[in-house]
Each structure stands twice: as C-alpha cells, then as structure tokens.
Amino acid sequence: MKMHFCIPVSQQRPDALGGRYVLYSVYLDGYLFCRVRYSQLHRWNEQLRRVFGNSLPPFPPKYYLAMTASMADERRDQLEQYLQKVTMDANMLRSDVFIDFLKLVQLVVSHKIGLCQELLGYFGLFLIRFRKEGKLSVMKKLADFELPYVSLRSAGMENCKVGLRKWYMDPSLDSMLMDCTAAVDLIHMQALQDIEQEWAKPTQAQRQKLEALQKEDNQTKFLELSQEVRHYGYLQLDPCTCDYPEPGCGAVLSVGNDEISCCITLPDNQTQEIIFQMSRVKCWKVTFLGTLLDVDGPQRTLNQNLELRFQYSEDSHWQWFVIYTKQAFLLSSCLKKMISEKTVKLAAENPEMQIEVPEQGKSKKCHIQQSQKDSSRFPPRKSKIEIAKADCVFGTIKEEDL
C-alpha cells in the first residue's frame, strides 16, 4: 500500500549538554505519525543502504557547523523528499528494516484481536471521530505498522477513537467470515451502526424485517438480508465539494461494491445522484492544496486542504472529476482496495491468471495489468506550510524525542 509522508514542520529542542537539536514532525496520510531527529533517520538510512545499496535515493548530508534557518528548512524539505522516494519502492516498504524502524519510533506495544489469524486481513483499525448528534467520521485507516494508542494521541483531535471495522469493499466477502463467531459479531455490529448512521439505506420494508431479525437475535439472517440493502458495506465520507456539474457543488460520497456513489447538491439546492463504476476509472491522484500547517495555541496540526481527482470514461471521452475532501487519502485507499479485490476475483475465475502476492519481501510476477493507477503530487514548499543491538537506530528513546 502506498504511503504519503510529509514533514511540514520542525522545531528546535535543548539537549542534555546545553546545545540544541532539531526535531522533525513526520506526518503519515495527513496525521502526525512521529517526531524524529536527523541522526535517527541517518542511522536508518545506513541500515537500508546495507540491504538495498545504491537503489536508495540520496540522503541529506550532515552539517558540521551550526545551521542557519534557511539551511534547517532546506534539510526538512530534503528529508521529506527522501521519505517520499523511499516509500515509492514496494520492496523497501515490505522490508523488515523499514517496518521495524517505523514501529520503533512509535514505541513497542502489542495489540491483540480476538479473531482467527487467517481472518485478520479482513479487518482494519481506523481513526474515528465522533461528532455532534451521534454522527461519526472515519478519518483514516491505520497502517499495519502503526500503534493505535500512539497514533490516536498524535492525531490531536477531540472525540477521536480507534475503531475496528471491516476492511473490504465488496459486501459479498461477508460470506468468507460466517464460520467465525467473533467475525460475525463484528460485521453485525458494524451493520447496525451503518444503518443507524444512515450510511446503509434500507427501505421501510427491509427495515421492518431487519428489526424483527434483530429481536430474534438471528445475526446470520440479518446479515443475509443486509446484502440487499442499498449501500450496505459502503464507507461514507463527510460532506465535501466537487467540480461537477460545476465548481463548488456539495457532495456526499459513498464508496463500495466497485463503485463511487455521489449525491450532489446543485446550486438550486436540487440533488442529483451519480454513480461512477470503478471499471471506467483510469487513474486518480491526491494533491495537497494551500497551507499545510495549522497552529492553534500549542497544538500543531496539518491543515488537510486536499483534493482527489480521478479520470473517468463517459460517452467514450475521458474527463477529470475533482473532489475536495480532507479524507482524500482514505478515499484513495478505498479505491485501491476495490481494484485489488476485483483483481483477486478475476484471478479466481480464471486459474491461468496470476496476481502479485507479496511474500517475505519478495513478489511473484503479475500477468494482469491494471489499467487503474494512483499517484500523489506534493508541490514544493518554500515556507512552513531481530535488528542486532549494533544496528539499532536508537540508543535510548526519550519521551520528549517522540
């Protein structure tokens, strides 16, 4: 999975000897992930270079004299570009050196889920924000190496919790989990929540049947009927804006089952529903717009002024559809998930086809060529906007360094 790192801000801290050092705030998919020193990243680069050699991008050089403000800002930009280039290599992303470092910078804790090991991949941890009147927003999916408690604290948002949700966009995959009681409990609870949140939209007749099945505590029948409910298993984003049919139109997006469903509010307050089939999406990209840094008293957060634009085939013509949303990275992850699920389904239907299967840092050759692809553009900024002990990136990790 592609990751989107940036370092929008750095700050100086006093050290134990009376000097000063620079701490860099690393953001992952728009949220604060960790704070690290140059020396920590430098040691990590040396470990990666032992494994990957000259395929690594150049690392910013050391300065042996005191840095000026412009030099410090230049180094921050260089470190950001280094992280972005490193994460473009799938082999590096899967390497133990890469993953172990990211776990170390968030401290070492363990998290246990009461599911069969083979079913863990069907679920994911998400940062979920609870708003007024009981409404909730899924802000981001935590990467596999992220530590939930640390990421929750780093997010710096009020009324935010870590929640467990299904991590597949094809509702028919529920059938793969029906033999596991713990999994059925989880997807049943999510179905109830999605109906309550009005993300899933049953008809009046369906709602009455679902309520009867709920009273009977018949989870299996409840989930079978839920498959017929409109937008069941979809993820709904917060209200946003788009450029269709004209700039500035409000939109509510629901993503799932190989489609993007958009309920668009037109300038005359009329609504129009548009369905974009993923089979007709050629590519998409996420772009940062405007200021990246918000400073609210002591709190420093990333102002996620983002857009996601995708190219879509309509009437034999390709055109761009632009969505302005703070959940652009989450939306991008959902689109990638739908493509991967479709690819796996095609491979299952045709045994002669092969797909790329990561295994212990290696990958098998892929005979399916995906027409869809995604990219992210990070415009340059002129202002703020078992590892052996000998190879350990950190000596002693102090709380103030994180």
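Let me begin with one residue, A251, which counts as buried at 4% relative accessibility, and please keep in mind as we go that what we are looking at is a predicted model. A251 is found in strand β9, and, leaving out residues up to four places away in sequence, A251 touches D238, P239, C240, T241, C242, C263 and I264. If you look for I323 as well, you will find that it stands 72 residues from A251 along the chain, while the C-alpha atoms of the two are separated by 8.5 Å.

One of those contacts, I264, takes us to the largest nonpolar core, which has 43 residues, and in which L253, I264, F310 and L335 touch the most other members. Which helix gives the largest share of this core? That is helix α9, residues 328-349, from which eight residues come. Where, then, does the core lie with respect to the domains? Domain 1 (5-101) and domain 3 (236-290 + 305-348) both contribute residues, and therefore the core lies between them. To see some of the packing for yourselves, you could pick out L335, which, when its neighbours within four places in sequence are set aside, is in contact with V255, I260, M278, W284 and L308. Apart from this core lies another one, of 26 residues, and among them are Y38, L56, F59 and V97.

Now a word about the cysteines, since a student might well ask how many disulfides the structure holds. The number is zero. Take C249, whose sulfur has its closest cysteine sulfur in C242, at 5.5 Å, and because a disulfide requires the two sulfur atoms to be within 2.5 Å, that distance is too far for a bond. C249 is buried, with a relative accessible area of 3%, and C6 is buried too, with a relative accessible area of 1%.

Next, some places where the backbone deserves a careful look. The peptide bond from Y244 to P245 is cis, with omega near 0°, and P245 sits in the loop between β8 (240-242) and β9 (249-256). In the loop between β9 and β10 (259-265) we meet D258, which is not a glycine and yet has a positive phi, near 65°; D258 is partly exposed, its relative accessible area being 23%. S316, in the loop between β15 (306-314) and β16 (317-324), also has a positive phi, of about 65°, although it is not a glycine, and S316 is exposed, with a relative accessible area of 71%.

Let me finish with helix α7, residues 204-215, where we can check a length by simple reasoning. At 1.5 Å a residue, the 12 residues of α7 should span 16 Å, and its end C-alpha atoms are 17 Å apart, which agrees. Which residues of α7 are buried? They are Q206, L210 and L213, and since these cover an arc of only 60° around the axis, they are on the same side of α7. It helps to remember that an α-helix has 3.6 residues a turn, so residues three or four places apart point the same way. The buried residues of α7 are covered by elements including α6 (181-196) and α8 (219-226), whereas the face turned away from the buried side carries the exposed residues Q204 and K215. After α7 comes D217, and its phi is positive, near 60°.

Terms used. Residues are numbered from 1 along each chain as its sequence is written. This is a predicted model: local features need pLDDT of at least 70, side-chain atom pairs count only at pLDDT 80 or more; totals for chains, interfaces and linings use all residues. Side-chain values use heavy atoms; hydrogens and water are left out. A nonpolar core is a set of buried Ala, Val, Leu, Ile, Met, Phe, Trp, Tyr and Cys residues joined through side-chain atoms within 4.5 Å. Buried means under 20% relative accessible area, exposed over 50%, partly exposed in between (1.4 Å probe, protein chains only). Helices (H or I, at least four residues) and strands (E, at least two) are DSSP runs, numbered from the N terminus. Domain bounds come from an automatic or database domain assignment. Contact means heavy atoms within 4.5 Å. The expected span of a helix is 1.5 Å times one less than its number of residues. The arc is that of the directions from the helix axis to the C-beta atoms.
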